[in-house]
Amino acid sequence: MSNLFEALQERGFVQQCTNVEQLSRLLSENQITYYAGFDPTADSLHAGSLVPIMAMAHLQRGGHKPIAIIGGGTTVIGDPTDKTEMRSMISAQQIEKNGASILQQLQRYLDLGNTAGFFLNNAEWLLSLNYIEFLRDIGKHFRVNEMIKAEGYRQRLEREMGLSFLEFNYQLLQAYDYLCLFQKYDCVLQLGGDDQWGNILAGVDLVRRIEGKRVHGLTFPLLTTAGGAKMGKTAGGAVWLDSDKTSPYQFYQYWINIDDRDVERFLAFFTFLPMDEVRRLGSLEHDEIREAKAVLAYQATKLAHGKVEADKAQETSRAAFGGGGLDLNAMPTTTISTERLDSGIPIMELFHEVGLTTSKSEARRLIQQGGAYVNEKQYKTIDVIIDADLLEEDALLLRAGKKRYHRVVLGEA
RNA sequence: GGGGGUGUGCUUGAGCGGUCAAAAAGGGCAGACUGUAAAUCUGUUGGCAAUGCCUACGGCGGUUCGAAUCCGUCCGCCCCCA
């Protein structure tokens, strides 16, 4: 394990860190246990979560032992950050279920569930806490005037944002997590997004105060795309790791479609390619950079969905955009009964029904603006009726805009 | 607890009691140009059985022929005082 820390740094994972020299030495001289938390608010992780996941994977490959935590204990309270909506209370069962799905996804990247690494729910120790004892044993170590200096809180206080006492306490709970993990598993490093820095430091402090031991924290930069958007978001919503929510093909396309300026950074973050290769690919220009994007897309898809799916997505993409025919098999498909088609379906309805537009009005606009195609023929009037006469090989190929395809086949709908 | 503000569409943010589905910008979508990129230009951007109807300006109630605009109340947020 030669200088794992530098490797992480080189790939761009390091934003802030408790102590560079100590951590660097710790990583190269010892086998340590480290952890990062994942929120079980949804039943799938999304592309944004890949940063911590990849960092954890690098460390595991370097011989260290990961613990993935899901915030079962904190999520039951509801996340107060989103103050515009009623706190969404998620049931314990839902969290349990979400956690299970998330675990499955993590296992594609990490070896969990045995001695090489494991997965815990912080509900295990948080739910049984006694308030008075907690205040006495843990609360006494926190100074409010220190806490409000933490960047996250300060911003909330300075801006026009509320900060509930509940939310203020997240820091204590998270710090307590760290303490428990240190005590039970000798965990000495916490990873997280840069917004977690304050909470991570709180944990580091707590361990020092109670156990007198020095533990570490490391944060990742919060990734945005060159366009300034949040990483992993598209018009259609988040890019999920769950293949039912975001198909491997869509996942692949997300990476293919990124901004040129993000290529090198993303290759470093989201693939395991050696940095020499990353830099070479990142320096390609003009047409060639598409090759770099293809590598990124393929590698990222392979990690998330496996080689078979990645190969399929790549073929589909090449076929669709490389000039050849389209790969119909990997395309989202809707089945419509023969009778319905025989009686004719208004084009607007069809586009809306298969999900290419979110409303019929949107379908109308799409059509009127020339973005609607059936079997690669443009239709610009909304009164077109699609019926069996338009079938080609018993199917219809719908297209919205340049890139979104949908196939309609006949069958028992 | 007292006083003063404020709450608008995906976001920021205008909005005289009628002409407000609501200015403007950003974002999104589509078209042109391209490299499945960026930049630029054009159009578009609540929904629907669509020259009309429904829903929407924090929640509820009221005044009015008529309210995002006035009043009451509740809730959230901000500032000052305690």
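H64 sits in the loop between α3 (50–61) and β3 (65–70). In this predicted model, H64 is buried, because its relative accessible area is 3%, under the 20% cut-off. What does the side chain of H64 reach at 3.0 Å? The partner is the backbone oxygen of L27. H64 also lies 7.5 Å from Y34, C-alpha to C-alpha. In sequence, H64 and Y34 are 30 residues apart.

S24 is placed in helix α2, which covers residues 20–29. Is S24 buried or exposed? S24 is buried, since a relative accessible area of 16% falls under 20%. The side chain of S24 makes a polar contact of 3.3 Å with the side chain of N3. Set aside the neighbours within four places in sequence, and S24 is in contact with N3 and F5. N3 therefore appears twice for S24, as a contact and as a side-chain polar partner at 3.3 Å, and S24 itself is buried.

Now step back to the whole chain. Chain A has 413 residues, of which 49% count as buried. The chain holds 20 helices and 15 strands. How much of its contact network joins residues at least 24 apart? Take the contacts between residues at least 6 apart in sequence: 72% of them join residues at least 24 apart.

Confidence comes next. Chain A averages a pLDDT of 84. A score of at least 70 is reached by 86% of the residues. Which residues stay under 50? That stretch is 79–88. For residues 79–88 the model has 15 contacts beyond four places in sequence. Where pLDDT is low, the predicted coordinates should not be read in detail.

Two loop residues carry a positive phi without being glycine. D186 is one of them, with phi near 60°. D186 lies in the loop between α11 (170–185) and β5 (187–193). E376 has phi near 65°, again a positive value in a residue other than glycine. The loop of E376 runs between β11 (372–374) and β12 (377–378). E376 counts as partly exposed, because its relative accessibility of 38% falls between the 20% and 50% cut-offs.

Turn to RNA strand B. How many residues are around it? There are 31, and N257, S317, S361, R364 and R365 come nearest. By class, the surface near the strand has 12 charged, 11 polar and 8 nonpolar residues. Which part of the RNA faces the protein within 4 Å? Of the strand's atoms within that distance, 64% belong to sugar or phosphate, and the rest to bases.

Individual polar pairs fill in the picture. The side chain of S359 places an N or O atom 2.9 Å from a phosphate oxygen of RNA strand B. For R404, a side-chain N or O atom is 3.4 Å from a phosphate oxygen of the strand. Q369 works through its backbone: an N or O atom there lies 2.8 Å from a sugar or linking oxygen of RNA strand B.

Which helices supply at least two residues each of the surface near the strand? They are α13 (248–256), α16 (289–305), α17 (307–321) and α20 (360–368). Of the elements, α20 gives the most, with 5 residues.

Look at α17 more closely. This helix has 15 residues. From its first C-alpha to its last it reaches 21 Å, close to the 21 Å expected at 1.5 Å a residue. The buried residues of α17 are A310, A313, Q314, T316, S317, A319 and A320. An α-helix has 3.6 residues a turn, so residues three or four places apart point the same way. What covers the buried residues of α17? The cover includes α13 and α16. Both of those helices also supply residues of the surface near RNA strand B.

S317 links these threads. It is found in α17 and is among the residues that come nearest to the RNA strand. S317 is buried, because its relative accessible area of 6% is under 20%, a value that takes in protein chains only. Which residue meets the side chain of S317 at 2.7 Å? That residue is Q253, joined to S317 by a polar contact between side chains.

How values were computed:
Residues are numbered from 1 along each chain as its sequence is written. Chains are lettered from A and ligands numbered from 1 in the order in which they are written. This is a predicted model: local features need pLDDT of at least 70, side-chain atom pairs count only at pLDDT 80 or more; totals for chains, interfaces and linings use all residues. Side-chain values use heavy atoms; hydrogens and water are left out. A residue is near a molecule or strand if one of its heavy atoms lies within 4 Å of it. A polar contact is a pair of N or O atoms within 3.5 Å; within protein, one must be able to donate a hydrogen and the other to accept it, and residues adjacent in sequence count only if both atoms are side-chain atoms. Helices (H or I, at least four residues) and strands (E, at least two) are DSSP runs, numbered from the N terminus. Ala, Val, Leu, Ile, Met, Phe, Trp, Tyr, Cys and Pro count as nonpolar, Asp, Glu, Lys and Arg as charged, and the others, Gly among them, as polar. The expected span of a helix is 1.5 Å times one less than its number of residues. Buried means under 20% relative accessible area, exposed over 50%, partly exposed in between (1.4 Å probe, protein chains only). Contact means heavy atoms within 4.5 Å. pLDDT is the predictor's confidence in each residue, from 0 to 100.
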